[in-house]
Amino acid sequence: MSIDGLDGRRPHGELVADVLAALWAAGRPLTAQEVKAALGRPLARTTVATTLARLHESGRLTRTRPGRSFAYAPVADAAGLAAGRMRRELEREPDRGLVLRRFVSALSAEDESALRALLDEADRAS
């Protein structure tokens, strides 16, 4: 262990982000071995396979078995996953109106304008 308390490994969230980025870039389902190759860094195949399995269990990836190995694909793009995280956070709070009010008040003018346009578009569509 190093002096700062870290053992030199990257944070788990960074590996997850890199795995998802590799799958999005591929545009097709990949096996653990293919993801490992796409990451281009020294990782055990089992580390990549475990990460993929956990992402599948959490509903962030689908998997098929085209041969002897599972092939994984993302359920949503990066924006869809971020939207899902935002929705889950909102659902955890009892006063959703207050959370939304605080969220909107912290938006930049550009983001507020984009949100207004999206809400107007949704109203027109319904």
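## Exercises on a predicted model

Met86, Phe103 and Val104 make up a nonpolar surface patch with about 260 Å² of accessible area together. Keep in mind that this is a predicted model.

**Exercise 1.** Locate Phe103 and decide whether Phe103 is buried, partly exposed or exposed.

*Solution.* Start with the secondary structure: Phe103 sits in helix α5, residues 96-105. Next, take its relative accessible area, which is 38%. Buried means under 20% and exposed means over 50%, so Phe103 with its 38% counts as partly exposed. Finally, go back to the surface: Phe103 shares the nonpolar patch with Met86 and Val104.

**Exercise 2.** Work out where Arg41 lies, whether Arg41 is buried or exposed, and which side chain it contacts.

*Solution.* First, the place: Arg41 is in the loop between α2 (32-39) and α3 (45-57). Second, the cover: Arg41 has a relative accessible area of 17%, and the cut-off for buried is under 20%, so Arg41 is buried. Third, the partner: the Arg41 side chain makes a polar contact with the side chain of Asp18 at 2.5 Å.

**Exercise 3.** Put the three strands of the open sheet in order and find the edge strands.

*Solution.* Take β2 (residues 61-64) and β3 (residues 71-74): they pair antiparallel over four bridges, and Leu61 has Pro74 as its bridge partner in β3. Six residues lie between these two strands, which form a hairpin. Now add β1: two bridges join β1 to β3, again antiparallel, with Thr31 partnered by Ala71 in β3. That gives the order β1-β3-β2. The edges are β1 (30-31) and β2, each pairing on one side only.

Key:
Residues numbered from 1 in each chain as written. Predicted model: local features only at pLDDT ≥ 70, side-chain atom pairs only at ≥ 80, totals over all residues. Heavy atoms only, no water. Patch = residues over 30% accessible without salt bridge, like charges linked within 9 Å, V, L, I, M, F, W, Y side chains within 5 Å. Areas by Shrake-Rupley, 256 points an atom, 1.4 Å probe, with all protein chains shown as cover. Salt bridge = Lys/Arg side-chain N within 4 Å of Asp/Glu carboxyl O. Buried < 20%, exposed > 50% of the residue type's maximum accessible area, 1.4 Å probe, protein only. Polar contact = N/O pair within 3.5 Å; in protein donor to acceptor, adjacent residues only side chain to side chain. Pairing = 2+ DSSP bridges.
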